[in-house]
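Please work through the following exercises with the sequence and the coordinates at hand. Each task is followed by a solution in steps.

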There are 2 protein chains.
Amino acid sequence: MKSEEETLGLVGDHFRRARLSMGMTQGQVADLAGISRPRYRDIETGAAAARTTTLINIARALGLEMMLVPQVMVPAIEALLRPESEDDQPAFSPQPESDDDSRPYR
Amino acid sequence: MKSEEETLGLVGDHFRRARLSMGMTQGQVADLAGISRPRYRDIETGAAAARTTTLINIARALGLEMMLVPQVMVPAIEALLRPESEDDQPAFSPQPESDDDSRPYR
DNA sequence: GCAAAATGATATGTTTGCAGATCAACTCCA
DNA sequence: TGGAGTTGATCTGCAAACATATCATTTTGC
């Protein structure tokens with residue numbers, strides 16, 4: 001099962017790749033998202049879990065959108081995103097391991 | 001521009017619709033997500049902004065996944081989600097208003 | 001090689017998400 | 001009618017996400 005830290009790491013990695021592909025600095029993203037640079041750094045490195053509003057602000061600063069989609073639709077959405085070329089960042093896809101349950105990790 | 005409270009309200013409404021369509025109580029979702037019922041209630045009513053990990057836990061308890069997708073792909077994804085029938089909850093689609101910028105609201 | 005920029009990291013203080021407990025209001029059904 | 005279940009709401013206390021400031025380290029460009 002994926003730990004909490006691993007999940008935050010995935011989100012952070014996603015943000016980092018998006019930021020670098022946009023040619024932006026941590027400070028620029030932090031400013032656009034309305035948070036401090038140390039805070040954004042913690043989020044990007046997976047050391048801290050941003051609030052929902054902060055998560056959305058960061059995503060939008062990076063040209064992304066946070067979506068809540070039915071789990072059964074995830075593969076179709078990823079298929080829609082994947083072939084789109086090689087330079088756009090892949091969507092945050094949490095578990096390739098499609099086991100049954102989703103008990104909270106703590 | 002969409003305020004912070006409005007955005008949290010959209011997320012909460014999305015969770016509420018998903019919960020009711022699953023025939024679950026607030027307490028059941030809270031248990032699966034690993035948080036207390038008062039906390040889940042605040043999140044569902046938009047009174048509180050959950051952390052990223054809590055957001056993901058709640059989504060999975062409701063059969064949903066949190067995804068970060070390029071903004072330009074949002075319409076295509078919504079089109080993929082929409083015609084799917086009438087009983088599955090629509091994805092969280094933040095702005096029908098497609099204005100340019102995404103400055104943080106506070 | 002050197003200066004500037006970007007990043008990593010730490011410290012103090014404030015805000016707020018969180019647990020746990022408790023109570024009231026409302027619905028529903030036997 | 002009346003009890004059980006669901007939801008709304010408040011309180012105390014703790015943990016962690018925030019700001020701001022300040023350092024060192026690494027990277028970048030001239």
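The exercises below concern a predicted model and treat salt bridges first, then the contacts with the DNA strands.

**Exercise 1. Salt bridges in chain A**

Task: Determine how many salt bridges a search of the whole structure finds, and characterise the pair R16(A) and E44(A).

Solution.
- Step 1. Over all chains, the search returns 11 salt bridges.
- Step 2. In one salt bridge, the side chains of R16(A) and E44(A) meet with an N to O distance of 2.6 Å. R16(A) belongs to helix 1 (residues 4-21) of chain A and E44(A) to helix 3 (residues 37-44) of chain A, so the pair ties together parts that are 28 residues apart in sequence.
- Step 3. The relative accessibility of R16(A) is 33%, and the residue therefore counts as partly exposed. E44(A) has a relative accessible area of 2% and is buried.
- Step 4. Through salt bridges that share partners, R16(A), R19(A) and E44(A) form one network.

**Exercise 2. A pair at the cut-off**

Task: Evaluate the salt bridge between R82(A) and E78(A), and decide for each residue whether it is buried or exposed.

Solution.
- Step 1. The N to O distance between the two side chains, R82(A) and E78(A), is 4.0 Å. The criterion requires a nitrogen within 4 Å of a carboxyl oxygen, and the pair R82(A) and E78(A) is listed as a salt bridge.
- Step 2. R82(A) has 55% relative accessibility and counts as exposed; exposed residues are those over 50%.
- Step 3. E78(A) has a relative accessible area of 17% and is buried, the limit for buried being under 20%.

**Exercise 3. A salt bridge in chain B**

Task: State which elements of chain B are linked by the pair E44(B) and R19(B).

Solution.
- Step 1. The side chains of E44(B) and R19(B) meet in a salt bridge, with 2.7 Å from N to O.
- Step 2. E44(B) is in helix 3 (residues 37-44) of chain B and R19(B) in helix 1 (residues 4-22) of chain B; the pair links distant parts of the chain, 25 residues apart.
- Step 3. E44(B) and R19(B) are both buried.

**Exercise 4. The surface near DNA strand D**

Task: Describe which residues come nearest to DNA strand D and which polar contacts its phosphate oxygens have.

Solution.
- Step 1. There are 19 residues around DNA strand D, and the nearest are I35(A), T54(A), R19(B), Q26(B) and R41(B).
- Step 2. Sugar or phosphate supplies 69% of the DNA strand D atoms within 4 Å of the protein, and bases supply the rest.
- Step 3. Phosphate oxygens of DNA strand D lie 2.4 Å from a polar side-chain atom of R41(B), 3.2 Å from a polar backbone atom of A49(A) and 3.3 Å from a side-chain N or O atom of R16(B). Helix 3 of chain A, with helix 1 and helix 3 of chain B, are the elements that give two or more residues to this surface.
- Step 4. The classes are 7 nonpolar, 5 polar and 7 charged residues near DNA strand D.

**Exercise 5. The surface near DNA strand C**

Task: Carry out the corresponding analysis for DNA strand C.

Solution.
- Step 1. Of 19 residues around DNA strand C, Q26(A), R41(A), I35(B), S36(B) and T54(B) come nearest. Sugar and phosphate make up 71% of the atoms of DNA strand C within 4 Å of the protein.
- Step 2. A phosphate oxygen of DNA strand C is 3.3 Å from a side-chain N or O atom of R16(A), the residue that also pairs with E44(A).
- Step 3. In chain B, a polar backbone atom of G34(B) is 3.1 Å from a phosphate oxygen of DNA strand C, and a backbone N or O atom of A49(B) is 3.4 Å from a sugar or linking oxygen of DNA strand C.

Methods. Residues are numbered from 1 along each chain as its sequence is written. Chains are lettered from A and ligands numbered from 1 in the order in which they are written. This is a predicted model: local features need pLDDT of at least 70, side-chain atom pairs count only at pLDDT 80 or more; totals for chains, interfaces and linings use all residues. Side-chain values use heavy atoms; hydrogens and water are left out. Helices (H or I, at least four residues) and strands (E, at least two) are DSSP runs, numbered from the N terminus. Buried means under 20% relative accessible area, exposed over 50%, partly exposed in between (1.4 Å probe, protein chains only). A residue is near a molecule or strand if one of its heavy atoms lies within 4 Å of it. A polar contact is a pair of N or O atoms within 3.5 Å; within protein, one must be able to donate a hydrogen and the other to accept it, and residues adjacent in sequence count only if both atoms are side-chain atoms. Ala, Val, Leu, Ile, Met, Phe, Trp, Tyr, Cys and Pro count as nonpolar, Asp, Glu, Lys and Arg as charged, and the others, Gly among them, as polar.
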